[in-house]
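I opened this notebook to keep a record of what I looked up, going from the whole chain to single residues.

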Amino acid sequence: MNELQPLFERNAQWARQIEARQPGFFERLARQQSPKYMWIGCADSRVPANEIIGLDPGEVFVHRNVANLVVNSDLNALSTIQFAVEHLRVEHIMVVGHYGCAGVRAALRGTRIGLADNWLRHVQDLRLRHRKRLIHLDESAQEDVLCEINVIEQVGNVALSTVLQDAWARGQKVTLHGWVYGLRDGLLKDLAVTMDRPDNVMPAFVQAIKRYPRLAQPEGA
Ligand SMILES: [Zn+2]
């Protein structure tokens, strides 16, 4: 037997269940998608976007990569965001990190993974930029805080992209959010870095990042 056969069987069962619950579901969905939400998350298999927020196919537009990064020169992420904003007209974009992220951990500890080391340089840069907010914490707290700071920074990157700047200039309503997901309890936490227009990008960013105190400088240092 083909070892992947069970996946096809489960797929058929899943499709039957959805059709039974909502007759005509797939036919309607095939004609048009109109999700209100875009999810930018980590590729980690333990963080499935639709399931976590209890949404059906067609309800959330998803982009995932290692460590949920939005890099200013990444055409993949930027094209996906542009499509979501300009064609699907999503109303909310959430960047969702997660505790226990192997990418963030590798960047924090300087562990070599392979090709991804180059990608994770972006997280290493954040570790350096925010080292005073990390250095006085124990290793596991450093990891959690870097996961959160990474999300806050990526929300800022989405906000400063030409896609969002243009959308807001046109008067389109799109709100950005930063969340973090707990693998241990399955719960989402809002990092309160919500941005919905150009003039609240910096204040929201500063307000969010201020929650992570810097190590106090000793006298004369
Ligand atoms: Zn991850």
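The entries below follow the order in which I looked things up.

**Entry 1: the whole chain**

I noted at the outset that I am working with a predicted model. I counted 10 helices and five strands in the protein, and I found that its C-alpha trace spans about 70 × 50 × 30 Å along the principal axes. Of the 221 residues, 41% count as buried. I also looked up how far along the chain the contacts reach: among those between residues at least 6 apart in sequence, 63% join residues at least 24 apart.

**Entry 2: the sheet**

I traced an open sheet of five strands, in the order E2-E1-E3-E4-E5 and with mixed pairing. The edge strands are E2 and E5 (188-190), each of which pairs on one side only, and the twist from one strand to the next averages 25 degrees. I then looked at E1 and E3, which pair in the parallel sense over five bridges; Trp39 stands opposite Met94 of E3.

**Entry 3: the zinc site**

Which protein atoms are the donors of the zinc ion? I found SG of Cys42, NE2 of His98 and SG of Cys101, lying 2.1 to 2.3 Å from the ion. Along the chain these donors follow the spacing C-x55-H-x2-C. The two cysteines link distant parts of the chain, since Cys42 sits in strand E1 (residues 37-42) and Cys101 in the loop between strand E3 (92-98) and H5, 59 residues apart.

I checked the donors for burial, for which the cut-off is under 20% relative accessible area. Cys42, at 5%, is therefore buried, Cys101 is buried at 2%, and His98 is buried at 1%.

His98 itself lies in strand E3. Not counting residues up to four places away in sequence, I listed its contacts as Cys42, Asp44, Arg46, Val47, Asn68, Cys147, Val180, Tyr181 and Leu183.

**Entry 4: the loop between E2 and H4**

The contact of His98 with Asn68 led me to the loop between strand E2 (60-65) and helix H4 (75-87), where Asn68 lies. Is Asn68 buried or exposed? Its relative accessibility is 2%, so Asn68 counts as buried. Leaving aside neighbours within four places in sequence, I found Asn68 in contact with Ile40, Gly41, Cys42, Val95, Val96, Gly97, His98, Asn150, Val151 and Gln154; among these are two of the zinc donors, Cys42 and His98.

In this loop between E2 and H4 I also looked up Ala67, which has a positive phi of about 70 degrees although it is not a glycine. I recorded this value because most residues other than glycine have a negative phi. Ala67 is buried, with a relative accessible area of 0%.

**Entry 5: a second positive phi**

I noted a positive phi of about 50 degrees at Ala192, again a residue that is not a glycine. Ala192 is placed in the loop between E5 and helix H10 (201-209), and with a relative accessible area of 40% I entered it as partly exposed.

**Entry 6: H5 against H8**

I next looked at how helix H5 (residues 102-109) meets helix H8 (residues 139-160): their axes come within 10 Å and cross at roughly 115 degrees. The crossing of H5 past H8 is right-handed. Which residues make this contact? From H5 they are Val104, Arg105, Leu108 and Arg109, and from H8 they are Glu139, Gln142, Glu143, Leu146, Cys147 and Asn150. I sorted the residues of this contact into four nonpolar, two polar and four charged.

Two names from H8 tie this entry to earlier ones, as Cys147 is one of the residues touched by His98 and Asn150 is one of the contacts of Asn68.

**Entry 7: Ile53**

My last entry concerns Ile53, whose place is in the loop between helix H3 (49-52) and E2. At 24% relative accessibility, Ile53 counts as partly exposed. Leaving aside neighbours within four places in sequence, I found Ile53 in contact with Trp39, Val60, Trp179 and Leu188. I also looked up the separation of the C-alpha atoms of Ile53 and Leu187, which is 9.5 Å for two residues 134 apart along the chain.

Key: Residues are numbered from 1 along each chain as its sequence is written. This is a predicted model: local features need pLDDT of at least 70, side-chain atom pairs count only at pLDDT 80 or more; totals for chains, interfaces and linings use all residues. Side-chain values use heavy atoms; hydrogens and water are left out. Axes are lines fitted to C-alpha atoms, for helices over the stretch in contact, and angles run from 0 to 180 degrees between N-to-C directions. Helices (H or I, at least four residues) and strands (E, at least two) are DSSP runs, numbered from the N terminus. A crossing is left-handed if the near helix is turned anticlockwise from the far one by less than a right angle, and right-handed if clockwise. Contact means heavy atoms within 4.5 Å. Ala, Val, Leu, Ile, Met, Phe, Trp, Tyr, Cys and Pro count as nonpolar, Asp, Glu, Lys and Arg as charged, and the others, Gly among them, as polar. Donors are N, O and S atoms within 2.8 Å of the metal (3.2 Å for Na, K and Ca); water is not among the atoms, so sites may look incomplete. Buried means under 20% relative accessible area, exposed over 50%, partly exposed in between (1.4 Å probe, protein chains only). Two strands pair if DSSP finds at least two bridges between them.
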